[in-house]
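Biologist: I'd like a close look at a single part, namely the surroundings of the bound molecule. Once you're done there, walk me through a few individual residues too.

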Amino acid sequence: MQATMEKPLLELRDVAKVFRLASGEVTAIENISLAMNAGELVALVGPSGSGKTTLLNIIGSLDRPTHGDVCLQGERIDTLSEERLVRFRREKFSYIFQDARPLRMLNVLENTLLPFNFFKPADRNGKLKEEGIEIIRSLGLGHRLYHMPNQLSGGEIQRVAIARALITRPLVILADEPTANLDRENRLFVIQTFRNLTREKGLTIVFSTHDLEMAGIADRVLHLQDGTLVKVEDGDCCPCPSN
Amino acid sequence: MKILVLSLLDLVRRPRKNLMLVLAIVIAVALLTSLSIVSTSANTTILEVISKTGHTLTVRPVITERSADDITSDTLTTSEVVFGKYIPEHIIPEIERSYDKAIKAGWERKGGLVARPGIGEINIEPPTWAPRLYGKTSLDGNPVIVTGVDFYKEYFVRFWWDLASGEWPTDATRIRQAGENEAFIGGVLSQARGIGAGDTVTVNGTPFKVMGVLQETNSADDYMLFIPIRAAQRMFDKAGYVSLLSVRAMCPNCPVGDAMVELNKTITGITATSQLDIAGVQFEFFNMLYNFLLAVVTATIFVAVLSIFNVVTGSLYARTREIGLLKAIGASRCQVLRIFLYEHFALGFTSGAVGYLVGIGMAIVLNAFLDIGAILRVDSHLLWRALALGILCSVLAVFVPALKLTRIKITETFRTQWET
Ligand SMILES: Nc1ncnc2c1ncn2[C@@H]1O[C@H](COP(=O)(O)OP(=O)(O)OP(=O)(O)O)[C@@H](O)[C@H]1O
Ligand SMILES: [Mg+2]
């Protein structure tokens, strides 16, 4: 995990986000600089209000920083037009939300293939459905392909969200508290899946959590407090005291 | 195309979600449709009646200032009934000729039939002239107006006449002239004197069998005893004279006014007057009623539409997260907007179509229950109107909030606790 020779996939330089409200300014995050490589699993931890969601949104181009640069593959993305951003999100990012809630009127397979209702990836002809089924099977939901969301458990719903995130073959997956509403078994399943995906497919996944056990599975854990990065640790050696 | 499927799936798989909206539009469209059907059908029916009946023109003897002065007990005159003044029968052909000439001339000047919607081609039938002779006498010691009529012609001209009891004298197919000693009695007179159908009354020594009691028409007819005109002429010693002539113009928009002017100008000793006949009045009344109802319904629908807007806005806000999700997975704002527009287009279309059908049903029920008696006609343009109204309401209701909601940043859609 020492300095790699290749350029980082994702880079944030001195990023800050200030919300201007009628009642004054709120600095959600500031002075954040970090780099992530392809195939890394990164956890964001910190108390409530420390800026985890804000940081994830900025990394994922859902929000723009008020200061600093965000680069993906060496290209600045924080200054792209909204139109370019839509294309960008389609091709490079996938999101998993705490309250995943697949669309109620679509079944598991349809929800997984939902992104393709809005765009067709140029380089992939046909076979999308087969690929969707394959992904769902790999997540252990093969027997639920045609079930509706209201027939699924919380853990199964989150797997649908993962399947939907994977179907577009993104570079980066951003997950804001993806395990918050799950029991331990399902939490472990989700984070282990993330881990396998980063290892085997070279995906970069950033997730936030309040659960230090889950964070410990990540390659790196970023500790946020009051909007600043206070500690970066190697998750794999979490149980051991670090220097 | 995929987006359309997405919209339709939402409707098909969760139909109850939009029940309120659909219901409101169905009711609104049904109300307007049924009102339109009933009113246009009723109007057309009335117009057809007018086209059959036309205007009625009446010819009375002239009452000059001077003759009004020498009103004696025998020459009592009301606006409708003139006593003591007569038109000699021998000038009737002259009156008829003059009338026909004026109608024909007026008709040609107008360029023939002035078409009214819903009325087919009309040939001018020869007019029917109904003569009357009024006389005053007493019945069981009380004064009574006895009117001699030709029952067949009278019934044709006063087509609104109806019997409260008894029967018209008919042969196989139509009203015939009553028998020498048959009579009909006005509704009020019948009540006042306790004379009903089947009774026999003796007038000036001649017995008459009362064949029927006329329904009240709020005219002088209600107070009269009707006997055959020849019998009346004999009874009052007025052979060769009549008190009144009525004619029903047998065309729509007949130039009856022209005929009236012509008659008054060319024939001395008579006054011709024309009234818009009963059907015309009915027509005006019905239009008034329709406009009133339309105003009420429109106001109600306006209120309903406002509440539809609220309902739709509310249910759309409940879908804020869905909007955020769609945008996060790569839907552009325009695509999200299209989902809602397609959805509401389909909703409006369906509601409009259902409302149209319900409206037809309501029109049938209304027509039967309110005894409007119109022959219902459903114009195809009503369907287009129903669909347009449904789609307009539905799409407009979603457009404004959708425009606003799809503009919200993705991050905001997940931050706020939107109601569900
Ligand atoms: N849109 C916004 N407008 C104003 N203030 C905001 C906005 N978004 C976040 N904040 C503020 O920024 C700070 C960081 O919020 P953020 O949601 O990133 O925290 P978090 O670490 O995700 O918290 P939690 O663990 O509760 O999810 C908070 O003080 C919050 O009030
Ligand atoms: Mg958060």
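**Around ligand 1**

Modeller: By class, the shell around ligand 1 holds five nonpolar residues, seven polar ones and four charged ones (nonpolar is Ala, Val, Leu, Ile, Met, Phe, Trp, Tyr, Cys and Pro; charged is Asp, Glu, Lys and Arg; the others, Gly among them, are polar). Keep in mind that this is a predicted model, where local features need pLDDT of at least 70 and side-chain atom pairs pLDDT 80 or more, while totals for chains, interfaces and linings use all residues. Residues count from 1 along each chain as written, chains are lettered from A and ligands numbered from 1 in written order, and side-chain values use heavy atoms, without hydrogens or water.

Out of the 16 residues around ligand 1, the nearest are Ser48(A), Gly49(A), Lys52(A), Thr53(A) and Thr54(A) (near means a heavy atom within 4 Å). The site is shared between chains, because the residues surrounding ligand 1 come from both A and B.

Now for the close-up. Ser48(A) uses a side-chain N or O atom, which sits 2.4 Å from an oxygen atom of ligand 1. Thr53(A) also puts a side-chain N or O atom next to the ligand, with 2.7 Å between that atom and an oxygen of ligand 1. For Gly49(A) the partner is a backbone N or O atom instead, 2.9 Å from a ligand 1 oxygen. On its own, ligand 1 exposes 630 Å², and 75% of that is buried by the protein (Shrake-Rupley areas, 1.4 Å probe).

Which elements build the shell? Two or more residues each come from strand 1 (10-21), strand 2 (24-36) and helix 1 (52-59) of chain A, plus helix 13 (410-415) of chain B (DSSP runs numbered from the N terminus: H or I of at least four residues for helices, E of at least two for strands). Helix 1 of chain A gives the largest share, three residues.

Two chain A residues are worth a glance for their backbone. Most residues other than glycine have a negative phi. Asp14(A) isn't a glycine, yet its phi is positive, about 50°. You'll find Asp14(A) in strand 1 of chain A, where it counts as partly exposed because its relative accessibility is 32% (buried is under 20%, exposed over 50%, partly exposed in between, with a 1.4 Å probe and protein chains only). Ser61(A) is another non-glycine with a positive phi, about 65° in this case. Ser61(A) belongs to the loop that links helix 1 and strand 4 (67-72) of chain A, and it is buried, with a relative accessible area of 5%.

Over in chain B, strand 3 (residues 128-139) includes Arg132(B). Despite its charged side chain, Arg132(B) is buried at 1% relative accessible area. Its side chain makes a polar contact of 3.1 Å with the side chain of Asp221(B) (N or O atoms within 3.5 Å; in protein, one able to donate a hydrogen and the other to accept it, and sequence neighbours count only through two side-chain atoms). Strand 3 of chain B is also home to Trp129(B), which counts as buried at 6% relative accessibility. Trp129(B) and Leu57(B) are 72 residues apart along the chain, with 9.5 Å between their C-alpha atoms.

Leu21(B) belongs to helix 2 (residues 19-53) of chain B and is buried, at 3% relative accessible area. From Leu21(B) to Ser394(B) is 373 residues in sequence, but 7.6 Å in space, C-alpha to C-alpha. Arg97(B), in helix 4 (residues 92-109) of chain B, counts as exposed because its relative accessibility is 57%. Its C-alpha atom is 9.7 Å from that of Leu263(B), although 166 residues separate the two in sequence.
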